[in-house]
Amino acid sequence: MAYTVPKLTDYSAAALEKKASQLLSALKDESTAVKTESDYEAFRVRWAGRKDSVRTQVNELWLKAAPKEAKRAAGQLVNEVILPGIDGELRDRHDHINNLAVLKKARAEGIDAEIDAARRALELSDSVDITLPGIRRPIGAEHPIIKTRNEIVSVFERLGYSVAEGPVVETDYYNFEALNFPPNHPARDTQDTLFIAGQQSKPQRERLLLRTHTSPVQIRTMEKMRPPIRIVIPGKVHRNDPPDASHSPMFHQIEGLAVDTNITFGDLKGTLDHAMKALFGSNVKTHFRPSFFPFTEPSAELYVTCFICGGSGKRGPDPCRPCKQTGWIEVLGCGMVDPNVFEFVKDNGYDPKQVSGFAFGMGVDRLALLKYGVDDIQLFFQGDVRFLQQFG
Ligand code: DAH
């Protein structure tokens, strides 16, 4: 039976409280049945309309009709409990049916993320509907680049390396000069650099740029820590390369540096051979080819047997694309730290007559592409959850 506002005869505190709670529970019951905008309109008119609503009746029957000595108590109850209770319920219910409408629309459009958001809003606006199925809160997946980075870093951590980091906005000094790229030297052209504008008034070595590699952190770390050191340096780097399937103006590298007394090229080879086997499987073979980097001497590029075709250059009858049919994949640059580099940090214990070291640097994104067989590097940075979820 629909609720009607009773006349009051007993104005004691206990009686008032009882009548108020009957009214509010009727309000709540009727509210639960309101599902559409037109239900809501009827509900609003019945409870708070200007004429003959519950609100006007309460005023008439409970307030105006109250004997003088009970006016105060009745007034307090009506103004502080009943009227705010009705207004609050109307507001909450209106929010709720709005949320229901949003959910309906999201379902019609079939967009998962929006359905979930609408479900969450609805759950907050109606905490009592236990008949709804549970809300799916998707568990995020580690980004494939972060995952690859962490795997590489942990291989070196197990060898006793620690992790160092440095700034992405770097000075000319750390990015080039202290790595033995003299000012105006053509070796700088190999790294198409993004410079920060408006730096012309500064001396060249102080001018800012987006670091083109993680190698500057070699210098920054050697300035802070005395030898012996063994560090890996993961981080973002930038180059002025137009984006395509294998290039991105922003990408990730991991740098390595080991300095001690009597470090040899044999240590470099052993360390990297071990690391490649740990990363790509113990069947992988490594192969060093001479190369050039200003900050290492001698320098090399490291190749591993293609882990797609196993080194054959073929996939069944077809040519293997990732290794361009050579059976080998280039994974990093490396070499023995050039004595000229040590000269820049000599005062912190790096006298090239006393210490030697090796360094290496690899592209994380490229390794992630190969590892997961992804054919377009742009996919890593577009943030499409359908792509990213596959790595969960
Ligand atoms: N910094 C080089 C680049 O980005 C990669 C590199 C080569 C790093 C040799 C090294 C190294 O530490 O020894 O092309």
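How many bridges join strand 7 to strand 10, and which way do the two strands run? Select residues 296–305 (strand 7) and 328–337 (strand 10): 8 bridges join them, and they run antiparallel. Within this pair, A300 stands opposite C334 in strand 10.

A word on what you have loaded: this is a predicted model, where local features need pLDDT of at least 70, side-chain atom pairs count only at pLDDT 80 or more, and totals for chains, interfaces and linings use all residues. Residues are numbered from 1 along each chain as its sequence is written, and side-chain values use heavy atoms, with hydrogens and water left out. Helices (H or I, at least four residues) and strands (E, at least two) are DSSP runs, numbered from the N terminus.

**The sheet**

Now show the whole sheet. Its 7 strands lie in the order 1-4-5-11-10-7-6, forming an open sheet with mixed pairing (two strands pair if DSSP finds at least two bridges between them). Strand 1 (162–163) and strand 6 (286–293) are at the edges with a single partner strand each, so one side of each has no neighbour in the sheet.

Add helix 9 (residues 265–280), which packs on the sheet and touches strands 6, 7, 10 and 11; contact means heavy atoms within 4.5 Å. Its direction makes about 150 degrees with that of strand 10. Axes here are lines fitted to C-alpha atoms, for helices over the stretch in contact, and angles run from 0 to 180 degrees between N-to-C directions.

Next, helix 11 (residues 364–372) packs on the sheet too, touching strand 5, strand 10 and strand 11.

**Helix 6 on helix 11**

Keep helix 11 and add helix 6 (residues 144–158): the two pack at about 105 degrees, with axes 9 Å apart. That makes them roughly perpendicular (65 to 115 degrees; under 35 counts as roughly parallel, over 145 as roughly antiparallel, and the rest as oblique). Among the residues that meet are P144, I145 and R149 in helix 6 and V364, L367 and Y372 in helix 11.

**Helix 4 and helix 1**

Move to residues 71–109. Helix 4 has 39 residues and reaches 55 Å from first C-alpha to last, close to the 57 Å expected at 1.5 Å a residue (1.5 Å times one less than the number of residues). Zoom in on V78, where helix 4 bends by about 35 degrees, the angle between axes fitted to the seven residues ending there and the seven starting there. G110 follows helix 4, with a positive phi near 70 degrees.

Finally, select helix 1 (residues 13–32), which packs against helix 4 at about 10 degrees, with axes 11 Å apart.
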